[in-house]
Structures are given as structure tokens and as C-alpha cells.
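Got your viewer open and a selection box ready? Here is a walk through one chain, stop by stop.

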Amino acid sequence: MEALRFGIANGLKLIDTAEEYANGGAEKVVGKAIQDIRKEVFLVTKVSARNCSYKGVLSAAEASLDRLKTSHIDLYLQHWPSDQYDVSETMGAMVELVNKGFVKYVGVSNFSINLMERAQFHLGKVPLVCNQVGYHLNDRSIESDVLPFAKENGLTIMGYSPWDD
């Protein structure tokens, strides 16, 4: 918690966590760190692929909001594509979360072009704003397809594991 507070005091503006990290424990730490300075950070968290049913997304978001001690999530991502639930079901729940004001922006993580297109279709008027993907000097594979698609469609690419080897 002290490290997060130090980072925020020194210009950190985005905090990225997930319900899966430490079984929700990471969200609890973040919630404690930002409870009195929530407006100073852009908060990103993710729903686990196992919770991507319509009701599962709604329930997971509610639990994340509780652990984070906040009224809204700035960017809510589907952490991984789900083998169990169709993207239409997941994105339908995301639309409901946006309409209720619990989520400002919707994104995905580790999605192919096809899945991003399907996600946007099922989001309707709610824009898909982000795809968080592994991207580093030893794996630049997104540069041939995902990155150009994102540029053409106004999607932000948020890289993770930038120092992986």
C-alpha cells in the first residue's frame, strides 16, 4: 500500500489490477491505498474468464467494486477470452455496467482481431477502447495484425510484461 501511495504522490495515474491477483487481495490493497484519493487515479481491473457469464460479470464487478472501495471502475477488461462463455454474453453485461455507471470504459485483454470485432459488435454503442496484450522486445507479434487493427479502429493497446524474456 505504501508503494502505491508513493507512486501516486510522484505522478502515477493508472493502477491496473484484477480479481484474479491474489484472489482479490490485490484489489483490497489498491482499495485501501486510494480510498481518500480515488479521483487522482485511473483505475483498471479485470473480470476473470471463468466469470464471463452475464450474471458472472455483474457479480464479479460488484465484488471488485466492494474490494476496491469505489463507486466505479474506470476501465473494466475481460482478462482472457473465455472457453465457457460467448463474448456476446460478456459484452452484454459490460453494457449494463456502463449504463448503470459502475464502469466508464470497456476493454479486453489477450483478444485476437476476430474477438475484438465480435466484442465491439455486441457492445453496440458502447465503444471498445482497449486491448491489453503481452508486448515486449522478445515478442512483437502484435505488430503484424493486432496493432494495425487497433490503430485503424481507435483502440488503445496496453502492453503487459514489457520486460519479459
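What follows is a list of selections to make, with a note on what you will find at each; keep in mind that the model is predicted.

**Stop 1: the strands β4, β5 and β6**

Start by selecting residues 128–134, which make up strand β5. Colour the strand by accessibility and you'll see that it is mostly covered, with five of its seven residues buried.

Now add β4, residues 103–109. β4 and β5 run parallel and are joined by four bridges. To see one of these pairings, pick Val 108 and look across to Asn 131, its bridge partner in β5. Then trace the backbone: the chain leaves β4, passes through α5 and arrives at β5, and this β-α-β crossover is right-handed.

Bring in β6, residues 156–160. β5 pairs with β6 too, in the parallel sense and over five bridges. A handy spot to zoom in on is Val 133, which stands opposite Gly 159 in β6. Show helix α6 (residues 146–152) as well, and you have a right-handed β-α-β unit made of β5, α6 and β6.

**Stop 2: a salt bridge between β1 and β2**

How many salt bridges does the structure hold? The count is nine, and the general idea is simple: side chains of opposite charge can pair when their charged atoms come close.

Select Lys 46 and Asp 16, whose side chains meet in a salt bridge at 2.6 Å, N to O. This pair ties together distant parts of the chain, with Lys 46 in strand β2 (residues 42–47), Asp 16 in strand β1 (residues 14–16), and the two positions 30 residues apart. Switch on a surface and compare the partners: Lys 46 is buried, at a relative accessible area of 0%, whereas Asp 16 is partly exposed at 31%.

**Stop 3: Thr 17 and Ser 64**

Step along to Thr 17, in the loop between β1 and α2. Is Thr 17 buried or exposed? Its relative accessibility is 2%, so it counts as buried. Show what surrounds Thr 17: leaving out neighbours within four places in sequence, its contacts include Ala 26, Glu 27, Val 30, Thr 45 and Leu 68. Lys 46, from the salt bridge you just looked at, is among the contacts as well.

From there, jump to Ser 64 in helix α3 (residues 54–68). Ser 64 is buried, with a relative accessible area of 0%. With neighbours within four places again set aside, Ser 64 is in contact with Glu 19, Glu 27, Thr 45 and Ile 73.

**Stop 4: more charged pairs**

Select Glu 96 and Lys 100 next; their side chains form a salt bridge at 2.9 Å, N to O. Glu 96 is partly exposed at 21% relative accessibility, while Lys 100 is exposed at 52%.

Then go to Glu 143 and Arg 140, another salt bridge, where the closest N and O atoms are 3.0 Å apart. Glu 143 is partly exposed, at 30%, and Arg 140 is also partly exposed, at 47%. For something beyond a simple pair, select Arg 38, Asp 74 and Lys 104: salt bridges that share partners join these residues into one network.

**Stop 5: the cysteines**

Which disulfides should you draw? The count is zero. Select Cys 52 and Cys 130 to check: the nearest cysteine sulfur to that of Cys 52 belongs to Cys 130, and it is 15 Å away. The sulfurs of Cys 130 and Cys 52 are therefore too far apart for a bond. Cys 52 is buried at 0% relative accessibility, and Cys 130 is buried at 1%.

**Stop 6: two positive phi angles**

Finish with the backbone. Put Ala 22 on your Ramachandran plot and its phi comes up near 55 degrees, a positive value in a residue other than glycine. Ala 22 lies in the loop between β1 and α2 (25–34), and it is exposed, with a relative accessible area of 61%.

The other one to pick is Asn 110, with a positive phi of about 65 degrees although it is not a glycine. You'll find Asn 110 in the loop between β4 and α5 (113–123). Its relative accessible area is 18%, and with buried meaning under 20%, Asn 110 counts as buried.

Key
Residues numbered from 1 in each chain as written. Predicted model: local features only at pLDDT ≥ 70, side-chain atom pairs only at ≥ 80, totals over all residues. Heavy atoms only, no water. Salt bridge = Lys/Arg side-chain N within 4 Å of Asp/Glu carboxyl O. Buried < 20%, exposed > 50% of the residue type's maximum accessible area, 1.4 Å probe, protein only. Disulfide = S-S within 2.5 Å. Contact = heavy atoms within 4.5 Å. Pairing = 2+ DSSP bridges. Right-handed = clockwise from strand over helix to strand, strands pointing away.
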